[in-house]
Amino acid sequence: MICGSWGTVDELVGAVLRLDPGERAGFLYKVEVAEAEESFLRARASLPAPERCPRCGSPRIARRGRDARRRQRWSCRGCGRSFTVETDGIFSRSPLPAATWVAFCRMFAARATLRECAEVCGVSLKTAWYMRVRVCGCIRREGAARRVAGEVVQGDEAFIPESASGNHSRNPSYEPRRPPRRRGGASGRECLLTLVGAGGTSDLRLVRGDRRGEAMRQLGSAVPLSARIECEMQSSVGSAAAALGMEVARSYSGERRLNPLNAVHGAMKGFLARFRGLSSRRAQLYLDWFSWHSGFRGPGAARERLSALIALVAVGRWGGSRSRLFGEPYPVDEREAAKAEAAACSRGRGGARKSTRTG
């Protein structure tokens with residue numbers, strides 16, 4: 001096999017081995033980056049032509065020239081808007097080149113910090129954070145997080161404290177969204193449903209509102225009804241599984257039957273602690289990131305993880321926008337709105353009963 005001016009592959013390998021360790025590492029890094037960028041561009045070029053409008057779903061579409069990036073553009077006769085194959089995707093409005101996104105995928109797969117991502121990619125901290133949120137949203141929408149599998153699934157609930165966005169220690173005019181409270185108890189905390197299946201596959205979901213009803217809904221969509229749920233004696237996951245007609249096996253914590261579940265809880269706490277106060281309204285995105293990252297195991301996990309992420313980001317859809325991202329309400333605001341709506345409904349029913357008696 002001929003390899004250009006280098007001759008055979010053996011000569012190329014010998015030349016690489018004669019390099020210094022630093023030069024050799026730099027050469028292998030550039031080869032890996034070039035290979036990742038090539039697969040990234042190949043995946044983007046293989047996007048099929050759309051059959052429907054991504055905004056209204058109308059099949060009445062027609063070609064309409066090309067945009068400023070020389071991408072084929074279509075026009076919808078239903079809503080009258082134009083789009084490309086990348087509309088509603090990560091790159092629909094991103095001016096960053098493919099090389100920057102490949103570099104970010106490498107740092108994201110390695111769970112690097114925002115400062116490290118910004119330095120390697122040559123972008124600001126805000127841009128690096130926005131890129132991270134889009135990739136997490138793509139993982140969540142495309143279902144890339146490894147779902148639980150197996151006939152036996154271990155489940156439990158945990159509670160994480162609520163947190164608002166931003167560093168409030170530097171803002172003296174900041175007013176908290178809730179009154180302070182004593183430590184302890186699960187009141188006002190985010191309930192986290194943790195499910196661990198065969199091979200260490202995990203699924204972590206936030207449960208809000210009616211915890212029992214929401215836990216039953218989440219459990220029914222994540223685990224087949226034929227599976228057996230293993231949990232602690234006082235776990236509400238077992239009650240939700242029993243209400244769904246699933247087989248439940250409870251055990252005490254000292255029996256150590258739930259060691260895989262406890263290991264996932266410990267890894268999750270270490271993962272979230274790196275962010276020093278995760279915003280409650282972004283928590284599900286980061287939990288999907290953790291589930292996706294922990295699903296790759298073995299000696300070649302790093303390379304497999306990067307290949308899967310590049311293939312996903314190149315063709316995946318985010319389905320969000322900047323205005324929708326920053327307009328997402330906090331859980332405490334949702335609870336206050338629900339309380340206000342319930343109070344208004346009770347007052348309305350009371351007024352209706354009073355008017356009926358008067359009449």
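## Pockets, cavity and cysteines

The largest pocket has a volume of about 1,000 Å³. The elements that give two or more residues to its lining are helix H4 (114-121), helix H5 (125-142) and helix H9 (283-294). H5 gives the most, with four residues. The model is a predicted one.

In total, 26 residues line the largest pocket. Nearest its centre lie Leu114, Trp129, Arg132, Phe275 and Gly277. By class, the lining of the largest pocket holds 10 nonpolar, eight polar and eight charged residues.

The second largest pocket has a volume of about 670 Å³. Its lining counts 28 residues. Asp88, Gly89, Ser92, Arg93 and Gly320 are the ones nearest the centre of this second pocket. At least two lining residues come from each of strand S3 (82-83), H5 and helix H11 (322-326). H5 supplies the largest share here, four residues. The lining of the second largest pocket divides into seven nonpolar, 10 polar and 11 charged residues.

H5 thus recurs: it is the top contributor to the lining of the largest pocket, and it holds the largest share of the lining of the second largest pocket.

### Enclosed space

The structure holds one cavity of 30 Å³ or more. The volume of the largest cavity is about 40 Å³. Its lining includes Leu47, Val85, Glu86 and Ile90. Phe91, Ala314, Val315, Gly316 and Arg317 are also among the lining residues of the cavity. Gly89 and Ser92 line the cavity too, and both are among the residues nearest the centre of the second largest pocket. By class, the cavity lining has six nonpolar, three polar and two charged residues.

The three spaces are set out below.

| Space | Volume | Nonpolar lining | Polar lining | Charged lining |
|---|---|---|---|---|
| Largest pocket | about 1,000 Å³ | 10 residues | eight residues | eight residues |
| Second largest pocket | about 670 Å³ | seven residues | 10 residues | 11 residues |
| Largest cavity | about 40 Å³ | six residues | three residues | two residues |

### Cysteines

How many disulfides does a search of the whole structure find? The search finds zero. Cys105 gives one case. The closest cysteine sulfur to that of Cys105 is in Cys121, 8.8 Å away, so the two are too far apart for a bond. The cut-off for a disulfide is 2.5 Å between the sulfur atoms.

Is Cys105 buried or exposed? Cys105 is buried, because its relative accessible area is 0%. Cys191 also counts as buried, because its relative accessibility is 7%. The limit for buried is under 20%.

Cys56 is another matter. Its relative accessibility is 42%, so Cys56 counts as partly exposed. Cys56 sits in the loop between helix H2 (21-45) and strand S1 (61-66). Leaving out residues up to four places away in sequence, Cys56 touches Cys76 and Cys79. From Cys56 to Gly80 the C-alpha distance is 9.8 Å, across 24 residues of sequence.

### The chain as a whole

The chain has 359 residues, and 39% of them count as buried. Its secondary structure comes to 12 helices and eight strands. Among contacts with a separation of 6 or more, 63% join residues 24 or more positions apart. The exposed area of the chain is about 20,800 Å². Carbon and sulfur atoms supply 52% of that area.

Key. Residues numbered from 1 in each chain as written. Predicted model: local features only at pLDDT ≥ 70, side-chain atom pairs only at ≥ 80, totals over all residues. Heavy atoms only, no water. 1 Å grid on protein atoms, 1.4 Å probe; cavity = no way out; pocket = protein on both sides within 12 Å on 5 of 7 lines; lining within 4 Å. Points joined across faces, edges and corners; volume = space filled by probe spheres on them. Nonpolar A, V, L, I, M, F, W, Y, C, P; charged D, E, K, R; others polar. Buried < 20%, exposed > 50% of the residue type's maximum accessible area, 1.4 Å probe, protein only. Contact = heavy atoms within 4.5 Å. Areas by Shrake-Rupley, 256 points an atom, 1.4 Å probe, with all protein chains shown as cover.
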